[in-house]
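Visitor: I'd love a close look at one part of this protein, with enough of the surroundings to see how that part sits in the whole. Could you walk me through it?

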Amino acid sequence: GRRSHASTRCCANVNWVPSGLGWGAWPQIRFSEPSAAPISSALTGRRALASTARLAYNDAATIASLAVQWGFPRCRFIERRETQCLVMANHSAIVVAFRGTEPDKLKDWMSDLDTQFVDGPLGRVHNGFNMALSHVWEDINGCVAEFQDQGQSLWLTGHSLGAALATLAAAYWRGQDKPLHGLYIFGSPRVGDPVFERTFDQDFG
């Protein structure tokens with residue numbers, strides 16, 4: 001498998017695939033996009049998840065339309081307060097992608113009083129990120145339970161703030177022993193304390 005030990009450090013990228021899965025699992029969620037799409041066709045692996053993280057910045061109608069064109073007929077956009085994510089599924093895979101924020105706004109998040117750490121999954125975590133995830137957590141769980149009716153693999157991705165939320169979601173699900181097939185995050189801020197980081201990396205080893 002491949003992963004990074006920088007899963008909770010500031011501005012880290014993670015390419016995590018559990019041992020034994022390998023890149024060969026990715027054809028099941030190959031994306032074939034129309035020529036009008038802003039990104040190249042037939043994406044696999046981390047590029048596919050990067051594209052999905054990018055897709056999360058669009059409006060709900062655009063997300064649903066492109067998800068269908070990518071071969072994911074079931075799609076739901078979830079928005080509660082300032083937290084947004086998409087869940088899309090086909091017969092073999094479910095992808096959860098969290099929307100991020102602009103770098104200057106992320107700095108506001110990190111300098112806010114909510115940067116205090118609180119008890120969370122696998123250790124202590126950033127309170128602001130934890131609260132943001134809590135706004136949509138019940139909806140995400142319900143949606144994944146509804147869509148995961150054929151034993152589909154579950155993947156998570158996000159950029160910036162979305163990367164932090166994807167990491168937290170992965171930690172909560174692993175704390176419940178829910179199988180995850182991959183976590184791909186881009187430009188993530190720090191999510192948890194050193195205990196969280198060590199436990200997270202050990203669990204995903």
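Visitor: Before we zoom in, what pLDDT does the protein chain average? After that, please take me to strand S4: which of its residues are buried on each side, and which strands pair with S4?

Guide: Happy to. This is a predicted model, and the protein chain averages a pLDDT of 76, with 71% of the residues scoring at least 70. Residues 1–44 call for caution: the pLDDT there is below 50, although this stretch has 118 contacts in the model beyond near neighbours in sequence.

Now a quick look at the whole. The protein chain has six helices and eight strands, and from the N terminus on its elements run β-α-α-β-β-β-α-β-β-α-β-α-β-α. Of the 205 residues, 51% count as buried. Among contacts between residues at least 6 apart in sequence, 66% join residues at least 24 apart. The accessible surface comes to about 9100 Å², and carbon and sulfur atoms account for 49% of that surface.

On to strand S4, which covers residues 93–98. Six of its six residues are buried, so S4 is largely enclosed by the rest of the structure. In a regular strand the side chains alternate between the two faces of the sheet. In S4 both faces are covered: one side carries Ala93, Val95 and Ala97, the other carries Ile94, Val96 and Phe98, and all of these are buried.

As for partners, let's begin with S3. S3 and S4 pair in the antiparallel sense over five bridges, and the two strands form a hairpin with three residues between them. In this pairing cysteine 85 stands opposite phenylalanine 98 of S4. The other partner is S7, which runs parallel to S4 and is joined to S4 by six bridges. Here valine 96 stands opposite leucine 156 in S7.

Cysteine 85 deserves a pause. This residue is buried, with a relative accessible area of 1%. Its sulfur lies 7.9 Å from the closest cysteine sulfur, in cysteine 143, which is too far for a bond, because a disulfide needs the two sulfur atoms within 2.5 Å. Cysteine 75 tells a similar story: its closest cysteine sulfur is also in cysteine 143, at 8.3 Å, and that is too far for a bond. Cysteine 75 counts as partly exposed, at 24% relative accessibility. By the distance rule, the count of disulfides comes to zero.

Staying beside S3, we can step back to the loop that precedes it. Arginine 81 is found between strand S2 (74–80) and strand S3 (83–89). This arginine has a positive phi of about 55° although it is not a glycine, and at 68% relative accessibility it counts as exposed.

The surroundings of S4 also lead to helix H5, by way of leucine 165. Leucine 165 is found in H5 and is buried, with a relative accessible area of 1%. Leaving aside neighbours within four places in sequence, leucine 165 is in contact with Thr83, Phe98, Phe129, Ala132 and Leu133. Phe98 is one of the buried residues of S4, so this contact ties the helix to our strand. The C-alpha atoms of leucine 165 and arginine 99 are separated by 8.8 Å, although the two residues are 66 apart along the chain.

H5 itself, residues 161–175, is mostly covered: 13 of its 15 residues are buried. At 1.5 Å a residue, its 15 residues should span 21 Å, and the end C-alpha atoms are 21 Å apart, which agrees. Just after H5, aspartate 177 takes a positive phi of about 60°.

Back towards S7, aspartate 149 lies in the loop between helix H4 (127–147) and strand S7 (153–159). This aspartate is partly exposed, with a relative accessible area of 46%. Aspartate 149 and histidine 91 are 58 residues apart in sequence, and their C-alpha atoms are 8.5 Å apart in space.

One last stop is another hairpin. Strands S5 (residues 117–120) and S6 (residues 123–126) pair in the antiparallel sense over four bridges, and valine 118 stands opposite valine 125 in S6. Two residues lie between these strands, and leucine 122 in the turn has a positive phi of about 70°. Leucine 122 is partly exposed, with a relative accessible area of 22%.

Notes. Residues numbered from 1 in each chain as written. Predicted model: local features only at pLDDT ≥ 70, side-chain atom pairs only at ≥ 80, totals over all residues. Heavy atoms only, no water. Buried < 20%, exposed > 50% of the residue type's maximum accessible area, 1.4 Å probe, protein only. Pairing = 2+ DSSP bridges. pLDDT = per-residue confidence, 0-100. Contact = heavy atoms within 4.5 Å. Expected span 1.5 Å × (residues − 1). Areas by Shrake-Rupley, 256 points an atom, 1.4 Å probe, with all protein chains shown as cover.
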